[in-house]
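Q: Please take a close look at one buried part of this chain, and then follow the contacts outward from that part to the rest of the fold.

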Amino acid sequence: MGFGGSSFSFSSSSSTFSLQHTVLPLKRRNCYLQTCFSVSYHKFVDFALDETNLHTHLLPSPLQEKYNSMNSSDGKGTLSMLSFEAAKIRLLRSLIIETEKMQVLDFAVFPKAECDVPIFCANFFTSAKTNIIVLDLNPLHDIINQEDYKEKYFKSLIPLGLKYAEHFPWGGKLTSESIKFFSPIVIWTRFTSSPQNYDILYSAFRDYYKIWLELIDTAVEETDKYQISRNLEAQHRYLTWRTEKDPGHAVLKKLIGDILAKDLLSGFLFNGVDELGSKTFNDYFPQYLGEEGTLNKKGGVVGKSFENRPWDARGNFLGQ
């Protein structure tokens with residue numbers, strides 16, 4: 001996402017952006033938190049980086065040069081971005097948006113294709129009165145029909161998911177298409193803003209991230225070319241879905257305009273969608289094709305929507 005106060009030029013021939021950043025002073029950025037919110041998502045990112053550095057050696061990603069800090073188009077919001085890589089980590093990246101009316105955290109860690117470890121995902125939206133939260137270890141492969149992958153990574157984590165499900169009730173309807181990208185331990189919830197809720201959310205973030213680091217630590221890097229190819233395609237499928245369907249696109253478009261929003265989605269948040277594979281959204285999800293091969297933006301897919309958590313206390317999927 002790119003934000004106001006930023007001047008930019010776009011060259012259609014080279015398809016590159018040149019960004020000159022005008023970043024709000026630190027004092028003004030901090031006043032957002034002091035006057036409007038009881039939480040700062042910077043401490044979530046700080047924890048993740050500190051904890052990761054205890055397990056591996058993080059190096060700045062080449063993306064950091066282009067995607068770092070900007071202001072929103074109206075000059076009333078800031079965007080902060082960080083990105084790193086490591087031995088088994090293709091990309092660790094974070095985005096924090098701060099305006100007078102909201103805060104957003106979009107934090108994710110993508111393993112290298114030699115590892116089939118789930119993708120760590122934290123998407124938090126906060127306003128003065130409400131919060132929309134997704135925290136999960138997004139499965140790289142199908143856990144609804146692929147029992148061995150679920151057993152490998154999620155069977156032992158079910159108690160952790162149940163612990164936080166007691167604090168954070170199911171957040172409402174999810175489609176049968178999107179549910180395939182979540183695990184049985186997903187925290188998908190909405191809650192009112194309060195220091196207590198934020199404390200529990202921070203505890204959940206730390207617990208989930210520590211577990212993810214243990215998984216990537218113990219992951220044996222694949223050497224079989226076929227399996228590496230499977231992992232690569234699975235990650236590309238995930239990135240393709242998120243780039244097209246991510247609800248944050250509308251927020252980004254409003255803040256920085258459509259061109260920069262699309263660049264941020266494909267170039268930073270879901271980096272790899274243009275590099276890791278050649279299949280399109282229609283190739284992966286033909287059920288979304290409308291007449292004459294156009295993409296049905298509203299979905300219109302035959303399938304269930306889940307208004308309640310679709311896994312039982314043992315992690316068995318209830319939606320078949």
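A: Tyr67 is placed, in this predicted model, in the loop that runs between strand E3 (59-60) and strand E4. With a relative accessible area of 4%, under the 20% cut-off, Tyr67 is therefore classed as buried. Beyond its neighbours up to four places away in sequence, the residues that Tyr67 touches are Met81, Asp263, Leu264, Gly267 and Phe268. One of these contacts is polar, for the side chains of Tyr67 and Asp263 are joined at 3.0 Å. Another partner, Met81, is 14 residues from Tyr67 in sequence, and the two C-alpha atoms are 6.1 Å apart in space.

The loop that follows E4 offers a second buried position. Gly77 lies between strand E4 (69-71) and strand E5 (78-85), and its relative accessibility of 1% is the reason why Gly77 counts as buried. The C-alpha atom of Gly77 is separated by 9.5 Å from that of Gln103, although the two positions lie 26 residues apart along the chain when counted as a sequence separation.

Residues of E5 lead from here to helix H2. Leu49 is found in H2 (residues 42-53) and, at 13% relative accessibility, counts as buried. Leaving out residues up to four places away in sequence, Leu49 touches Leu58, Leu82, Phe84 and Leu92. For Leu49 and Phe84, a sequence separation of 35 residues goes with a C-alpha to C-alpha distance of 9.3 Å.

On the side of Asp263, the chain continues through helix H8 (258-269) to a loop that ends at helix H9 (281-284), and Asn271 has its place in that loop. Asn271 has a relative accessible area of 15% and is therefore buried. Apart from neighbours within four places in sequence, Asn271 is in contact with Leu63, Arg90, Leu91, Leu239, Leu265 and Ser266.

Leu239 in that list leads to helix H6. His236 is found in H6 (residues 225-245), and because its relative accessibility is 0%, His236 counts as buried. The side chain of His236 reaches the backbone oxygen of Val273 at a distance of 2.8 Å. Setting aside neighbours within four places in sequence, the contacts of His236 are with Gly272, Val273, Leu276, Gly277, Ser278, Lys279 and Tyr284.

Helix H6 also appears among the partners of Leu140. This residue, Leu140, is found in the loop between strand E9 (130-138) and helix H3 (147-153), and a relative accessible area of 8% is why Leu140 is buried. Once neighbours within four places in sequence are left aside, Leu140 is in contact with Cys115, Asp116, Val117, Pro118, Ile119, Tyr149, Asn231, Ala234 and Gln235. Of these, Pro118 is 22 residues from Leu140 along the chain, while their C-alpha atoms are separated by 5.1 Å.

Val117, Pro118 and Ile119 are met again from another direction, since they are among the residues that Trp212 touches. The full set of partners of Trp212, not counting residues up to four places away in sequence, is Ile89, Val109, Val117, Pro118, Ile119, Phe120 and Leu137. Trp212 belongs to the largest nonpolar core, which has 95 residues, and is one of the members that touch the most others, together with Phe107, Phe120, Phe124, Phe205 and Tyr209. Helix H5 gives the most to this core, with twelve residues.

Helix H5 (residues 195-218) also packs against helix H4 (residues 158-165), their axes coming within 11 Å and crossing at roughly 170°. H4 and H5 are therefore roughly antiparallel to each other. On the H4 side the contact involves Leu160, Gly161, Lys163 and Tyr164, which meet Ile200, Ser203, Ala204, Asp207, Tyr208 and Ile211 in H5. The residues of this contact divide into six nonpolar, two polar and two charged.

For the chain as a whole, there are nine helices and twelve strands, and buried residues make up 53% of the 320 residues. Among the contacts in the chain with a separation of 6 or more, 67% are between residues 24 or more positions apart.

Terms used. Residues numbered from 1 in each chain as written. Predicted model: local features only at pLDDT ≥ 70, side-chain atom pairs only at ≥ 80, totals over all residues. Heavy atoms only, no water. Axes fitted to C-alpha atoms, helices over the stretch in contact; angles between N-to-C directions. Helix = DSSP H or I, 4+ residues; strand = E, 2+ residues; numbered from the N terminus. Parallel < 35°, antiparallel > 145°, perpendicular 65-115°, else oblique. Contact = heavy atoms within 4.5 Å. Nonpolar A, V, L, I, M, F, W, Y, C, P; charged D, E, K, R; others polar. Buried < 20%, exposed > 50% of the residue type's maximum accessible area, 1.4 Å probe, protein only. Polar contact = N/O pair within 3.5 Å; in protein donor to acceptor, adjacent residues only side chain to side chain. Core = buried A, V, L, I, M, F, W, Y, C linked by side-chain atoms within 4.5 Å.
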